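Dear colleague,

Please find below the structure I promised to pass on to you, together with its sequence. My notes on what was found in it follow directly after.

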Amino acid sequence: MKNNPNILQDSHGRDHTYLRISLIERCNLRCSYCMPEEGVQLSPKSHLMTYEEIYDIAKLFVKHGVTKIRLTGGEPLVRKDIPVILEKLATIPVELSITSNAVIIDQFIDVLKTNGVKKINISLDSLDKNKFKHITRRDQFEKVYKNIFLLVKEGFKVKINAVLMKGFNDNEIIDFINFTKDLPVSVRFIEFMPFDGNKWDMSKMVSYKEVMDYVNASFTEQQIERLQDAPNDTSKNYKIKGHKGSFAIISSVTNPFCDSCNRLRLTANGQLKNCLFSSTESDLLTTFRAGKPIEPIIEKAVKAKLKMRGGMDTLEKLQEPKLHNNNRSMITIGG
């Protein structure tokens, strides 16, 4: 019997070295696939983790093997104490990154640099100003577009996440790939996934195969280069020869990457989710605030992780509303 059992290894032998921490449930955009039209019931402020709690819980995860932490939201940069959170987390030996919608990120360039954040994921679902306004219910396209160029100029490694929806932005796939011609960014096409209130159905989803059909119709076989995927990568990566940037497809629905999953999610109100698709959560914050150890709760949650997509291991199960309507809206999970 080991003295220090790996509490972050599940029953399928997967080690969880990547923790995504949601800092806030609020956002300055209202993307329809992320937030229901009627909004969401926000947790009272007293139920959200303080910056000290975020730091202490993060430190504990790193002690047990987490090597990468990504800060998400809502929009993490609308949290007023984000500079303090970054400063505290920067003292932990871990790779720190952030996901943002880039609306106000220009105000945080120095803070991000000072605290060692080099990798930034930007959510952008359309290169068309009117479509952007439609999907986000806000008129902020120019700001986001300009800030992407600013981040590249400032030396950040930028990935752009685009959720594809049939009949809405699937005709922009090649525009996005052409965007990588002169800009060293990675555009990642994400299959539309089911969450509470986002009116998901299979017919709205653009699959991995359909994305590649668009690519193969626009570029020759000689132009399309398959890149080496990193260990535990969620995406299948490509580039067009001669382009400064690359593109990738995250096929959570049609080609899930569950076998190599190393991710855990901590919500802003201190609930541990062992899978994005899981409808169950483990309350860490109540026990932590009571001054009791949370390792047993973490270990139990990790060991209970199902082999694929929170148990939805077939497309038929994924299309059954009652299996995913008990999950949170994406905005309150944290991506």
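Which residues lie on the one side and on the other of strand E6, and are they buried or exposed? The model is a predicted one, and in it Ser 186, Arg 188 and Ile 190 occupy one face of E6, while Val 187, Phe 189 and Glu 191 occupy the other; all of them are buried. In a regular strand, side chains alternate between the two faces of the sheet. The strand spans residues 186-191, and six of its six residues are buried.

The neighbours of E6 may be described next. Strand E5 (residues 157-164) pairs with E6 in the parallel sense, over six bridges. Within this pairing, Asn 161 stands opposite Arg 188. From E5 the chain passes through helix H6 (residues 173-179) to reach E6, a β-α-β crossover that is right-handed. E6 also pairs with strand E9 (residues 246-250), again in the parallel sense, over five bridges. Here Phe 189 has Ile 249 of E9 as its bridge partner.

A second region concerns strand E10, which covers residues 263-266. Arg 263 and Arg 265 point one way from E10, whereas Leu 264 and Leu 266 point the other way, and all are buried. E10 runs parallel to strand E1 (residues 18-22), to which four bridges join it; Tyr 18 has Arg 263 as its bridge partner. With E11, by contrast, E10 runs antiparallel, joined by two bridges, and Arg 265 stands opposite Lys 273.

The hairpin of E10 and E11 has four residues between the strands, and Gly 270 takes a positive phi near 75° there. Thr 267 lies in this loop, between E10 and strand E11 (271-273). Why does Thr 267 count as buried? Its relative accessibility is 0%, and residues under 20% are classed as buried, so Thr 267 falls in that class. The side chain of Thr 267 also forms a polar contact of 2.6 Å with the side chain of Asn 269.

Finally, some values for the whole protein. There are 12 helices and 12 strands. Of the 335 residues, 53% are buried. The accessible surface comes to about 15,300 Å², and carbon and sulfur atoms account for 50% of this area. Among contacts between residues at least 6 apart in sequence, 73% join residues at least 24 apart.

With kind regards

Definitions and conventions: Residues numbered from 1 in each chain as written. Predicted model: local features only at pLDDT ≥ 70, side-chain atom pairs only at ≥ 80, totals over all residues. Heavy atoms only, no water. Buried < 20%, exposed > 50% of the residue type's maximum accessible area, 1.4 Å probe, protein only. Pairing = 2+ DSSP bridges. Right-handed = clockwise from strand over helix to strand, strands pointing away. Contact = heavy atoms within 4.5 Å. Areas by Shrake-Rupley, 256 points an atom, 1.4 Å probe, with all protein chains shown as cover. Polar contact = N/O pair within 3.5 Å; in protein donor to acceptor, adjacent residues only side chain to side chain.
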